[in-house]
Protein chains: 2
Amino acid sequence: MKLKKLILVTNDDGIFAPGLKALVGIAKKLGEVVVVAPNSPQSGMGHAITINQPLRIHKVQIFDDVESYECSGTPVDCVKIAKNVLFKERTIDLCISGINHGSNASINIIYSGTMSAAMEASLEKIPSIGFSLLDYSFDADFDASSHFISDLITKVLNNGLVNCRLLNVNIPKLRKKEIKGTKICVQAEGNWIEEFKEGRDPRNEVYYWLTGQFVCIDDRENTDLKALADGYISIVPSGHDLTIHTAIPDLKYLESHVE
Amino acid sequence: MKLKKLILVTNDDGIFAPGLKALVGIAKKLGEVVVVAPNSPQSGMGHAITINQPLRIHKVQIFDDVESYECSGTPVDCVKIAKNVLFKERTIDLCISGINHGSNASINIIYSGTMSAAMEASLEKIPSIGFSLLDYSFDADFDASSHFISDLITKVLNNGLVNCRLLNVNIPKLRKKEIKGTKICVQAEGNWIEEFKEGRDPRNEVYYWLTGQFVCIDDRENTDLKALADGYISIVPSGHDLTIHTAIPDLKYLESHVE
C-alpha cells in the first residue's frame with residue numbers, strides 16, 4: 001500500500017474562509033490533508049511573525065475527515081507551528097496556501113499573507129504553492145479553476161519542483177470554460193497609487209484609511225499580469241533572495257576599508 | 001542658497017527606540033529630517049499593512065528641531081502615510097529606516113519591519129536604506145558606526161543609487177576602531193532552526209512561544225554574513241522581484257492550453 005502524501009493547507013483569510021474550504025476539498029482527493037490556519041483574517045500581514053507574545057493552537061472540527069487547527073498567529077506563524085510543533089515527527093510533502101480572495105500577482109506577493117505562508121514553508125524546505133483568485137467577494141467562484149488546481153498539485157506532488165520551491169499561482173476571475181490554461185510567468189512590475197481616505201470617528205478624531213489602485217507598469221509579454229489578462233492562470237516560480245546582483249558593480253564606490 | 005534634501009526616517013522598533021534617535025542624530029547633519037515611526041514596537045512585522053482598520057497619526061515633540069509623527073500602524077503604513085498624506089506635496093529625497101536592534105542580514109530581510117519600511121519607500125521610487133546593528137540590547141552602541149552611516153547617507157544623497165533603490169545595511173557588533181569598513185555583498189542563504197517553548201499560562205492553558213537559532217548555510221565569499229564575520233559593515237542592493245528566472249525552463253511542463 002502506498003502511503004498518502006501529507007499536504008499542509010493554510011491561508012491568510014482565516015480558517016472560516018470559503019477559499020480555504022475550496023482548497024481543502026481539492027487537496028483531500030490527492031493526499032492526506034492537515035489544516036493549520038489563522039483564527040481570524042490576516043490579509044495584508046506580509047511576512048509578519050509573532051515574537052513578543054505566545055501563540056495558541058486549538059484543534060477544531062470544521063472539515064469532514066480533515067485534522068484541523070486554528071492558530072492565534074499570522075499565516076507565517078501557522079506554518080512554523082505546523083512544522084515545528086504539530087508535525088515535528090512527520091515530513092510535510094507539500095504546503096498549499098489559499099485560495100486567497102484577491103490577486104497576489106505582481107508586487108502584491110510582497111504584502112500577501114497567503115504567499116508569505118507559502119514562502120515560509122519553502123524556507124523550511126517544503127515545496128509550496130500559493131493560490132489566489134482575482135475576486136474579492138465572499139461568494140467568489142472557486143469551482144471554475146478547481147481542475148487546474150488539482151492538476152497542478154498532482155504534478156508537483158509527483159515530480160517536485162526543480163530550482164525553486166515556491167510557486168505563486170493567480171487565477172483570473174472567469175467562468176470555467178473561459179479559462180484558457182496555465183502559463184509559467186515572471187512577476188510583473190507594478191505600482192499602487194495610494195490614497196488615504198480621511199474621516200472623523202464618533203469622537204471627532206481624524207483617521208486615515210488606506211485605499212488605492214493598482215497600476216501595471218510592465219509591458220513584457222511573459223508577466224503574470226499579461227497571462228491573467230489573456231485568460232490564463234499565472235504561475236511564477238518565486239524565491240527569497242532579494243539581492244539585485246546586477247547593481248553590485250555600480251555600487252563598489254560605497255565600499256571602504258580602514259587601514 | 002542650496003535647499004536641504006528631505007530625509008524621511010522611520011523604523012520598526014517604535015518612535016522611542018534608541019536606534020531611531022541615533023539615526024536622527026546622524027541624518028540631522030545631512031539634510032532636513034522628518035520622522036514618521038510606529039507608536040509601538042513592530043519587530044517581525046514583515047511587510048504588513050493595515051487595511052481593515054483606520055490609522056492615526058499624531059505630531060510629537062521628541063527630537064529637537066525635527067518634525068516628528070507617531071503612527072498607529074506598521075512600519076510600511078508609516079512610509080505610505082508619510083508619502084501620501086504628510087508629504088504629499090514634497091519630494092522625499094531619501095528614506096532611512098532603523099537603526100534596527102538586531103540583524104537583518106541574510107533571509108532576515110524577509111521578516112524585518114525595518115527593511116519592509118525601506119522597501120516600501122523604494123516601491124514609491126524613493127531611494128532607501130535600512131540600517132541594522134547586530135546587537136539586541138537596549139543600550140547597544142550606535143556611535144561606533146556613526147561615521148560610516150553618515151558617509152553612506154552622504155554618498156547616496158549626492159550620487160543616488162544605480163540599478164536599485166534599496167540597500168540593506170548591517171553593522172557588526174564591534175567597537176569603533178574594530179570596524180574594518182564597508183562591503184557590497186549578496187544576501188546569504190540561511191536558515192532558522194526554530195523551537196517553540198511550550199508553557200502554561202496562569203489559567204493553566206498551553207501556549208507556545210517562538211524562539212530559534214539562525215544558521216548560515218552559505219560558504220560564498222561575498223555574502224553579507226561573511227562580511228559581518230570579517231568585521232565589515234555589509235551593504236546588499238535589494239529589490240522586490242521574487243521571480244526565480246532560472247527555474248522557468250524546467251517548469252514549462254506545468255503549462256497547459258485549453259483548445
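**Reading a two-chain contact**

Modeller: Let's start with the symmetry of this predicted model. A turn of 180° and a shift of 0.0 Å along the axis lay chain B on chain A with an RMSD of 0.0 Å.

Biologist: What relation is that?

Modeller: It's the relation of a two-fold axis. The same surface serves both copies, too: 100% of the contact residues of chain B recur in chain A.

Biologist: How many residues does each chain bring to the contact?

Modeller: Chain A gives 66 residues and chain B gives 66 residues. On the chain B side, the elements that give two or more residues include helix 2 (75–86), helix 3 (113–123), strand 9 (190–200) and strand 10 (206–216).

Biologist: And how do the residues on that side divide into nonpolar, polar and charged?

Modeller: For the side of chain B that touches chain A, count 35 nonpolar, 20 polar and eleven charged.

Biologist: Which strands pair across the two chains, and in what sense do they run?

Modeller: Look at strand 8 (residues 181–184) of chain A: two bridges join it to strand 12 of chain B, and they run antiparallel. There, Thr182(A) has Ser256(B) as its bridge partner.

Biologist: Now a pairing inside one chain. How should I read side chains along a strand?

Modeller: In a regular strand, they alternate between the two faces of the sheet. For a case to look at, take strands 9 and 10 of chain B, which pair antiparallel over eleven bridges. Trp209(B) in strand 10 stands opposite Lys197(B).

Biologist: What links those two strands?

Modeller: They form a hairpin, with five residues between them. Check Asn204(B) in the turn: its phi is positive, about 70°.

Definitions and conventions:
Residues are numbered from 1 along each chain as its sequence is written. Chains are lettered from A and ligands numbered from 1 in the order in which they are written. This is a predicted model: local features need pLDDT of at least 70, side-chain atom pairs count only at pLDDT 80 or more; totals for chains, interfaces and linings use all residues. Two residues are in contact if their C-beta atoms, placed from the backbone, lie within 7 Å. Helices (H or I, at least four residues) and strands (E, at least two) are DSSP runs, numbered from the N terminus. Ala, Val, Leu, Ile, Met, Phe, Trp, Tyr, Cys and Pro count as nonpolar, Asp, Glu, Lys and Arg as charged, and the others, Gly among them, as polar. Two strands pair if DSSP finds at least two bridges between them. Copies are superposed by least squares on the C-alpha atoms of residues with pLDDT of at least 70 in both.
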